[in-house]
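The following exercises concern secondary structure, the interface between chains and the nonpolar cores. Each is followed by a worked solution.

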Amino acid sequence: MFSGIKTLFSYRELLFSLTKKELKVKYRGSALGFFWSLLNPILTMLVYSFVFSIVLRAGIEQFAIFLICALLPFNFLSNSVNYGAGSIIGNSNLVNKIYFPREILPLSIVLANLINFFFEIAALFIVIGIMGYKFYIYLYLLPVVIFFQFFLVVGMTLLVSALNVFFRDLQHLITIVMMVWFFGTPIIYPLSMVPPEYQFFIKLNPMTVYSAYYRNIFYYVKYPEGAGFPSLVETLITLGITFIIFFVGYFVFKKLEYRFAEEI
Amino acid sequence: MKEKNLSYREKRMKGSDNDTAVEVKSVSKRYRIYHEKVPSLKQTILTLRRTTYEEFSALRDISFSVKHGETCGIIGPNGSGKSTLLKLMARIIRPTSGKIIINGPLSALLELGAGFHPDLTGRENIYINAAILGMRKKDVDRKLDDIIEFSELERFIDTPVKNYSSGMYMRLGFSVAVNVNPDILLIDEVLAVGDQSFQSKCYKVIYDFMKNGKTIIIVSHDLDTISDLCSKVIFLKDGEIIDMGKPLDMVSKYRAYVEELEKKRIIQQQRAERKKIFKTVIDSNRKVVDGEEISRLSNLSIDGETISRFGSGDAEIVSMGLFEKSGRKIDYCRYGDEVKLTYNVLFKNKVEEPVFGIRITDYRGNIIYGTNTRLKKIGTGTFNKGDETAVIFSFKINLVGGEYSVSPAVGYNDNKTYCDWVNDMFTINVIHRNIAEGLADLDPEISIER
């Protein structure tokens with residue numbers, strides 16, 4: 001694994017330039033460019049806010065903010081996994097013709113989405129700052145949370161991109177799985193709404209804990225027990241699951257990588 | 001980069017063990033060919049294993065090494081495993097067994113402009129492509145002007161590459177690739193880029209690479225290029241090394257192989273055509289053979305798919321031979337020899353004024369020469385049942401080296417129907433003495449005037 005990291009480091013410029021390409025290509029030729037990436041979460045936020053505060057009247061204070069704090073990190077995961085799934089297959093011309101560490105392809109997708117995520121958070125700061133949230137009090141926690149979530153995202157993306165080479169219908173499955181994951185994470189609802197007998201399962205989902213942290217930092221502005229969750233044990237379990245996913249993803253990828261060129 | 005070069009050259013001069021740039025040790029590569037394209041997840045879960053597959057052996061027990069500074073060519077027919085071998089050396093795929101040792105930075109030009117994104121400009125693609133090929137950004141910054149100048153695309157460098165012609169695309173790809181400056185360069189059939197002037201530029205770059213002591217391994221079908229550039233050539237066929245050695249030897253070996261193949265193909269084709277003609281003859285029982293009408297047919301003997309003999313059977317050609325002027329029977333002859341080509345005919349019925357003839361063809365089926373007694377205006381008289389006769393054609397062998405087939409025939413004097421026609425009954429072997437080439441000996445007198 002260390003030699004893998006060393007090789008990866010020597011190819012860092014390729015990683016950065018592919019990340020840059022990813023971002024450039026995404027917004028090339030559109031007038032609003034980067035702002036389109038903000039439009040998507042804003043529209044989602046508006047729709048859900050309408051449904052939950054006006055139609056269903058869930059009674060959650062400032063539902064828009066409540067939602068967006070958890071929606072943005074989840075989008076980072078789901079966009080990375082959805083786009084990353086095709087990263088090896090979609091670059092068959094490269095994989096077939098040139099040697100470089102293959103993990104650069106999914107990693108560049110994750111990095112591009114991470115940068116997107118940063119910009120979205122910056123936009124969020126402006127909005128909640130104007131609305132008077134003291135988001136800066138626990139801001140020092142944010143890099144830590146993002147850091148650990150990053151490993152989860154990388155692990156999932158590596159796993160999916162490698163398996164997709166061998167099982168092409170995974171691509172379709174992923175969209176469904178990500179939808180289930182979305183509703184299985186307290187994003188449009190608070191954890192307290194979940195019946196106690198199901199809470200255990202919801203808490204095993206690492207995104208539940210990460211979302212709670214984002215929400216504690218931005219929405220509740222309380223730490224450590226914004227909404228009485230997560231506890232230290234729950235956090236540690238999440239970190240454990242995160243690293244299991246990361247290592248499984250990494251080793252599956254490494255194991256399959258030598259057969260990529262033959263399969264696509 | 002430069003320092004590394006130096007160190008390799010120094011090592012080379014010292015004659016240390018790092019003399020070898022690329023070492024391939026008994027490498028085999030087997031591919032799996034799945035009977036169904038890509039198995040779906042459903043299938044895998046249901047059957048708990050992959051769909052059935054066959055193993056295809058692309059390379060078998062390949063061993064060779066290339067020294068630093070050598071230019072090594074790989075030639076062979078399609079499907080011989082050349083590209084697989086390059087991909088193995090480029091680390092794109094892994095050998096099934098065996099080992100490949102690479103000493104020094106390696107760059108593979110298996111495809112030009114790999115990874116160009118159509119929506120990005122030429123300039124942006126230079127950076128990405130260079131990074132993919134393992135070049136540092138600061139090196140690209142330094143060499144950017146060279147790359148653009150070499151590609152001759154100054155005017156279009158800020159245009160998205162989707163608007164490029166395929167030639168421009170390849171030129172940009174090549175310009176980036178040659179500026180990567182590796183120690184070991186693998187090239188796959190990419191020299192055919194752009195117009196004549198750009199091509200000569202490319203060759204110059206490759207010669208410069210060679211002069212700078214770089215190691216080059218090149219796969220090409222262009223044998224002239226190979227024998228021009230390389231110091232060593234590997235001849236690959238069906239996944240095995242047939243031979244390796246000096247370029248000219250290998251190239252002529254490969255040419256001989258290709259010619260042999262071509263010969264076989266032509267013979268096959270010839271056979272098929274003859275079969276078609278004779279089939280028409282059989283079908284209608286009275287049709288055309290090589291443009292000549294036949295009304296009486298019997299005694300059709302079929303050799304494989306070729307009809308080798310036909311005619312009424314009123315006369316039968318029993319034997320044929322080649323003789324020296326003195327009468328001694330010979331197996332072969334030389335250019336310029338005086339020979340007698342003789343065949344014996346046994347008459348089964350009375351035939352008046354039969355026509356005796358021969359036709360000489362080369363291996364491609366080209367008719368080299370044909371004549372008969374009627375064309376030569378020689379009267380033959382009447383033959384009765386039981387008569388035997390020898391027909392003798394005396395001539396000088398004005399044929400260049402090779403094998404020639406002789407078809408003798410006895411025809412009726414209507415010049416349309418035959419008593420007996422035997423295809424390719426006899427072979428004349430002419431020993432090659434580099435007298436001439438081609439079909440006809442025009443025997444020119446050559447003078448040089450100043």
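**Exercise 1.** How many helices and how many strands does the secondary structure of chain A come to?

*Solution.* The model is predicted: local features need pLDDT of at least 70, side-chain atom pairs count only at pLDDT 80 or more, and totals for chains, interfaces and linings use all residues. Residues are numbered from 1 along each chain as its sequence is written, while chains are lettered from A and ligands numbered from 1 in the order in which they are written. Helices are DSSP runs of H or I with at least four residues, and strands are runs of E with at least two, numbered from the N terminus. On this basis chain A has 12 helices and 0 strands.

**Exercise 2.** Determine which elements of chain B supply the side that touches chain A.

*Solution.* Contact requires C-beta atoms, placed from the backbone, within 7 Å. By this criterion, 25 residues of chain B meet 23 residues of chain A. Helices H2 (41–47) and H4 (122–132) of chain B each contribute at least two residues to that side of chain B; the largest share, 4 residues, is from H4(B).

**Exercise 3.** Where does the largest nonpolar core lie with respect to domain 1 and domain 2 of chain B?

*Solution.* A nonpolar core joins buried Ala, Val, Leu, Ile, Met, Phe, Trp, Tyr and Cys residues through C-beta atoms within 7 Å; buried means 20 or more other C-beta atoms within 10 Å of the residue's own. The largest core has 130 residues, and B:Ile217 is among those touching the most other members. Helix H4 (residues 63–84) of chain A gives the largest share, 13 residues. Domain 1 (2–105 + 182–245) and domain 2 (111–179) of chain B both contribute, so this core lies between them; the domain bounds come from an automatic or database assignment.

Methods
Contact = placed C-beta atoms within 7 Å. Buried ≥ 20, exposed ≤ 12 C-beta atoms within 10 Å, placed from the backbone.
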